[in-house]
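Me: I have a model open and would like to learn how to read its helix packing and its aromatic pairs. Could you walk me through it?

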Amino acid sequence: MTLKKATFAAGCFWGVEAEFRTLEGVFDSVVGYTGGRMPHPAYEDVLTDTTGHAEAVRVSYDADKLSYERLLKAFFEMHNPSTMPGEKYKYRSTIFYHSEEQKKAAEGFLAELKAAKLFELSVKTTIVKAGVFYKAEAYHQRYYEKREAGVPEGSL
């Protein structure tokens with residue numbers, strides 16, 4: 001097994017995490033905050049949209065079973081990169097690359113996507129070097145799985 005990391009922001013992290021977890025080859029996923037200036041932000045801080053952080057998902061995947069290109073394809077299938085909910089900065093569309101290889105793959109994929117003009121508005125996705133990733137609070141982790149299992153919302 002060749003474990004690698006990939007990090008994406010595509011709006012609210014709950015649904016994005018749930019979607020990534022359905023892909024064969026995804027070993028684990030964690031939701032959190034990245035891309036901003038505030039150290040150790042809490043959810044309430046990120047909600048203010050003043051920290052610079054995005055709600056993001058860090059995916060650990062087996063590169064022998066799942067390609068980074070397939071993760072990129074899934075990322076763009078799970079959200080509309082031309083309009084973000086309420087245009088909130090914390091909900092921006094961003095690919096956080098962990099290597100030059102990921103950066104080149106993301107740039108190529110994004111260029112092809114823009115050339116194909118699949119979206120009515122221009123694609124707003126940015127490509128940024130991955131930095132410090134702050135894991136979100138426990139009640140955010142695997143949120144949809146907990147809800148489907150009947151875990152009461154107050155105990156999430």
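Reply: Happy to; we will take helix packing and then the aromatic rings, keeping in mind that this is a predicted model.

Me: How are two packed helices described?

Reply: Two numbers do the job: the angle between the helix axes and the distance between those axes. Here, helix α3 (residues 68-77) packs against helix α4 (residues 100-116) at an angle of about 45°, and the axes are 10 Å apart. Angles from 35 up to 65 degrees fall outside the parallel and perpendicular classes, so α3 counts as oblique to α4. Their crossing is right-handed.

Me: Which residues of α3 and α4 make the contact?

Reply: On α3, look for Tyr68, Glu69, Leu72, Lys73 and Phe76; on α4, find Gln102, Ala105, Ala106, Phe109, Leu110 and Leu113. By type, the contact residues of these two helices are 8 nonpolar, 1 polar and 2 charged.

Me: How many aromatic pairs does the structure hold?

Reply: There are 8. Take Phe13 and Tyr33: their ring centres are 5.9 Å apart with 40° between the planes, a tilted pair. Phe13 belongs to helix α1 (residues 13-20) and Tyr33 to strand β2 (residues 26-34), so the pair ties together parts 20 residues apart in sequence. Both Phe13 and Tyr33 are buried.

Me: And what does a stacked pair look like?

Reply: Try Trp14 and Tyr143, at 3.7 Å centre to centre and 5° between the planes. Trp14 lies in helix α1 and Tyr143 in helix α5 (residues 143-148), so this pair joins parts 129 residues apart in sequence. Tyr143 counts as buried because its relative accessibility is 7%.

Me: Which rings are linked into a cluster?

Reply: Ring pairs connect Phe8, Phe20, Tyr68, Phe75, Phe76 and Phe109.

Methods. Residues are numbered from 1 along each chain as its sequence is written. This is a predicted model: local features need pLDDT of at least 70, side-chain atom pairs count only at pLDDT 80 or more; totals for chains, interfaces and linings use all residues. Side-chain values use heavy atoms; hydrogens and water are left out. Axes are lines fitted to C-alpha atoms, for helices over the stretch in contact, and angles run from 0 to 180 degrees between N-to-C directions. Helices (H or I, at least four residues) and strands (E, at least two) are DSSP runs, numbered from the N terminus. Angles under 35 degrees count as roughly parallel, over 145 as roughly antiparallel, 65 to 115 as roughly perpendicular and the rest as oblique. A crossing is left-handed if the near helix is turned anticlockwise from the far one by less than a right angle, and right-handed if clockwise. Contact means heavy atoms within 4.5 Å. Ala, Val, Leu, Ile, Met, Phe, Trp, Tyr, Cys and Pro count as nonpolar, Asp, Glu, Lys and Arg as charged, and the others, Gly among them, as polar. Rings of Phe, Tyr and Trp (its six-membered ring) pair if their centres lie within 6.5 Å; planes under 30 degrees apart count as stacked, over 60 as edge-to-face and the rest as tilted. Buried means under 20% relative accessible area, exposed over 50%, partly exposed in between (1.4 Å probe, protein chains only).
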